[in-house]
Amino acid sequence: MNSYRSIEWKKDRLVLLDQRRLPAEIIYIELRRYEDVAEAIKSMVVRGAPAIGATAAYGLVLATHQMDSEDISIVRSELEKAADLLRSSRPTAVNLFWAIDRVMRKSADPLIKSVDSLQEVVFNEATAIALEDVETNRQIGLNALDLIPEKVIFIHHCNTGALATVDHGTALGIIRTAYEHRRDVFVYVDETRPRLQGARLTSWELKQLGIKHKVIVDGASGFIMANEKVDLVTVGCDRVAKNGDTANKIGTYNLAIVARAHEVPFYVAAPTSTIDLSIFSGNLIKIEERSSQEITHIQGQQITPDNIEVTNPAFDITPAEYITGIITEMGIAYPPYEESLNKMVDLAEKKRINK
Ligand code: MRU
């Protein structure tokens, strides 16, 4: 059990751990309006694909309470407005859209006649999304165990731990599960420029878990692989296309190429909610471009000359051919991904229906 939660619903409000301030300060912010939830996702108070999905779902819960009206058509129209705003907060992580669509589908039931029941349905679905996320992540960790030797060296990119999810994490969850199962674990943590999710957040989580690690600059992975036996690269993802091409934090593609050059297996941890079968290949995934300040400044200090041009894609696409396997809560998908990913999504849907 962690001493912190990235997201927590408390009575009538959403509480988020402000990840922009970590590790220097542990500050929770309380949100009562969906507009503030959208802003918190945009400004990365909360980040990581599964975490922003669950956060948006709770944003919709807030939307059902904001109008203070007994007229269900007024509350429904506010809910639609909230869904649109939340959808526009970040474009790449499909979990955001998946979670919003899931709540909106439930709320569209014509049998819901009162505001009270609408509020209840939306709350129950948001809670289900949050609880399922934890179960999913633990299962991803267990599904990966057979791949992990007794003594193991990982390289991990970005942050995919409890902070990036509702709890436990995906790729970092695999590392955590391996450690809990008494594997002798060591992790090289990519610092992850420009937002430093690795240096700030992953090392913060690993330190608390007592897992041995060293932070490296993103460009060091080639040198490390050339000089040491790295067993596995594990990364998370924001969207996996039907053919297995994977969008994840900028730098993931470079890491995959370096891993291939050194014959190090490269695994993506993906809850099935991150698989987007409606998109055939990675070149159709929208990549978020973030502010140039993230590159020109470090902690408010300008590091580049004035008026230079910058491009700041927040994610890149790793072509499926570089990915050894995609570890989901339903099992491990191997190439050809069109077939195996379809099977994983199908199994997850069946499981949900049978619950
Ligand atoms: O920009 P971020 O910090 O939201 O990017 C996060 C990542 O790229 C993660 O690897 C991904 O969302 C998976 S988190 C379990």
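Me: Which residue places a backbone N or O atom 2.9 Å from an oxygen atom of the ligand?
Reply: Happy to start there, with the reminder that this is a predicted model. The contact is made by a backbone N or O atom rather than a side chain, and its partner is an oxygen atom of the ligand. At 2.9 Å, the pair falls within the 3.5 Å limit for a polar contact. The residue is Ala49.

Me: How far from an oxygen atom of the ligand is the polar side-chain atom of Asn248?
Reply: Let's take the side chains next. Arg90 has a polar side-chain atom 2.8 Å from an oxygen atom of the ligand. For Asn248, the polar side-chain atom and the ligand oxygen are separated by 2.6 Å.

Me: What share of the ligand does the protein bury?
Reply: Taken alone, the ligand exposes 420 Å². Around the ligand there are 18 residues, and the closest include Arg47, Gln197 and Lys249. Of the area exposed by the ligand alone, the protein buries 99%.

Me: At what angle do the axes of helix H4 and helix H5 cross?
Reply: Good one to check on screen! H4 covers residues 94–107 and H5 covers residues 115–144, and their axes come within 9 Å. H4 passes H5 in a right-handed crossing. The crossing angle is roughly 145°.

Me: How many residues of the contact of H4 with H5 are nonpolar?
Reply: On the H4 side, the contact includes Trp98, Ala99 and Val103, while H5 brings in residues such as Leu118, Val121 and Ile129. Charged residues take part too, among them Arg102 in H4 and Glu125 in H5. The contact has four charged residues and one polar residue, and the nonpolar ones number nine.

Me: Which residue follows Leu22 across a cis peptide bond?
Reply: Look in the loop between strand E2 (13–17) and strand E3 (28–31). The peptide bond that leaves Leu22 has omega near 0°. The residue it leads to is Pro23.

Me: Which residue in the loop between strand E4 and helix H6 is found there with a positive phi?
Reply: That loop lies between E4 (151–156) and H6 (171–180). The residue is not a glycine, yet its phi is near 70°. It is His168.

Key: Residues are numbered from 1 along each chain as its sequence is written. This is a predicted model: local features need pLDDT of at least 70, side-chain atom pairs count only at pLDDT 80 or more; totals for chains, interfaces and linings use all residues. Side-chain values use heavy atoms; hydrogens and water are left out. Axes are lines fitted to C-alpha atoms, for helices over the stretch in contact, and angles run from 0 to 180 degrees between N-to-C directions. Helices (H or I, at least four residues) and strands (E, at least two) are DSSP runs, numbered from the N terminus. A crossing is left-handed if the near helix is turned anticlockwise from the far one by less than a right angle, and right-handed if clockwise. Contact means heavy atoms within 4.5 Å. A residue is near a molecule or strand if one of its heavy atoms lies within 4 Å of it. A polar contact is a pair of N or O atoms within 3.5 Å; within protein, one must be able to donate a hydrogen and the other to accept it, and residues adjacent in sequence count only if both atoms are side-chain atoms. Accessible areas come from the Shrake-Rupley method with a 1.4 Å probe; for residues, only the protein chains shown count as cover.
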